[in-house]
Amino acid sequence: MANLSLADEYAEILSAEVTMDVGKLRDLARLHGIPPQFRGDVWRYLLGIVPSDLSHEVSSARARSQSYETMCASAMSSHIAPDTAKLVRGEFSRYLRRVPVFAQLTQEVGIDVVRGVFERIIITFLSNHSDLDYEPPWIHVLAPFVASIRDERDVYFCFEAFMLKLSGQQADLNLSQQMASVLSLLRTSLPELYNYLDEEEVDVRAWLPNWLQYAFASELPFDALLRLWDVYLAETKGFQLHPYVCLAVLHQLKEALEEMESSEVIAMLKRLPFRASDIDTLINVAKNLRLDAQQGEARDEEMYRMGTSSLAGSRSSSR
């Protein structure tokens, strides 16, 4: 496929009749991103919503449809529906004002239609995951799927799979521990910036929790967010890279941040100035930072092992 355009390459892969080559989709998405007209289809495969064995495609679609319709009907008649719908409508309106693509989307199909999709999906998700409480950033996480996938049922299952991947990545550490880990890495790799943020009393709680919990859904421009999520979904363990992408963002903004006052720093970290074309650089910086951290941990472990062995040897000789 060397002479094909990127869109042609995706079209050729997606035209498979027997088995979808998800490996090739992953490679293309990771290296080059996904053209908008194919993003919804590719994300469904990368998230495992659609089976790669295409002989099961029709039965799988029928099962998803029946499952969602049943869950949605139950959720919309539940006691949580009215209050949650009101919360969703408020955040949805604010989101529309921030993201032009959704203003365009609502013009095409009508604001009431799009808002209804958000309400039904959020309420159904909350009903099926009663251990969770509604959070306004869920609207921001859901929006890329609504923009990329036309079938509401598949939007729901992709959103749910994405949210579960996020929470699964965070399962080993609570939020405070995740924040401490990123700040520790920042202190090691960029001590001047770390000290500057500390001296300016920049409240990390104003921006870092959202970064970690929602994968920049609220902070990145829409096109850049889509490109970043292409990478996260294409990598086998893409979300494990996310803390280092957080660190890479700070690396790339270091010079600008060190010229700002506290309020300006927070404003920039809540509205990141990256474009889709910047994401490849961010990913490369993040991978290098992860490698540096892993090598540092290996050196520390080796020094500890050598110190322990040396101590044991001195004790033995003293006897």
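Domain bounds here come from an automatic or database domain assignment, and the model they divide is predicted.

Q: How many Å separate the centres of domain 2 and domain 3?
A: Happily, the division is easy to follow: domain 1 covers 1-53, domain 2 covers 55-169 and domain 3 covers 175-307. Taken over C-alpha atoms, the centres of domain 2 and domain 3 are separated by 28 Å.

Q: What area do domain 2 and domain 3 bury between them?
A: Let's start with who takes part: domain 2 gives 19 residues to the contact and domain 3 gives 15 residues. Carbon and sulfur atoms carry 73% of the buried area, and the rule finds 0 salt bridges across this interface. The area that domain 2 and domain 3 bury is about 1,400 Å².

Q: Is helix 8 roughly parallel or roughly perpendicular to helix 13?
A: Helix 8 (residues 137-148) packs with helix 13 (residues 222-234) at an angle of about 90°, and their axes are 11 Å apart. Angles of 65 to 115 degrees count as roughly perpendicular. Therefore helix 8 and helix 13 are roughly perpendicular.

Q: How many nonpolar residues does the contact of helix 8 with helix 13 have?
A: From helix 8 come Val 141, Ala 143, Pro 144, Phe 145, Ala 147 and Ser 148, while helix 13 brings Phe 222, Leu 225, Leu 226 and Trp 229. By class, this contact of helix 8 with helix 13 has no charged residues and 1 polar residue. The nonpolar count is 9.

Technical notes. Residues are numbered from 1 along each chain as its sequence is written. This is a predicted model: local features need pLDDT of at least 70, side-chain atom pairs count only at pLDDT 80 or more; totals for chains, interfaces and linings use all residues. Side-chain values use heavy atoms; hydrogens and water are left out. Axes are lines fitted to C-alpha atoms, for helices over the stretch in contact, and angles run from 0 to 180 degrees between N-to-C directions. Helices (H or I, at least four residues) and strands (E, at least two) are DSSP runs, numbered from the N terminus. Angles under 35 degrees count as roughly parallel, over 145 as roughly antiparallel, 65 to 115 as roughly perpendicular and the rest as oblique. Contact means heavy atoms within 4.5 Å. Ala, Val, Leu, Ile, Met, Phe, Trp, Tyr, Cys and Pro count as nonpolar, Asp, Glu, Lys and Arg as charged, and the others, Gly among them, as polar. Buried area is the accessible area (1.4 Å probe) that two parts lose on being put together, summed over both. A salt bridge is a side-chain nitrogen of Lys or Arg within 4 Å of a carboxyl oxygen of Asp or Glu.
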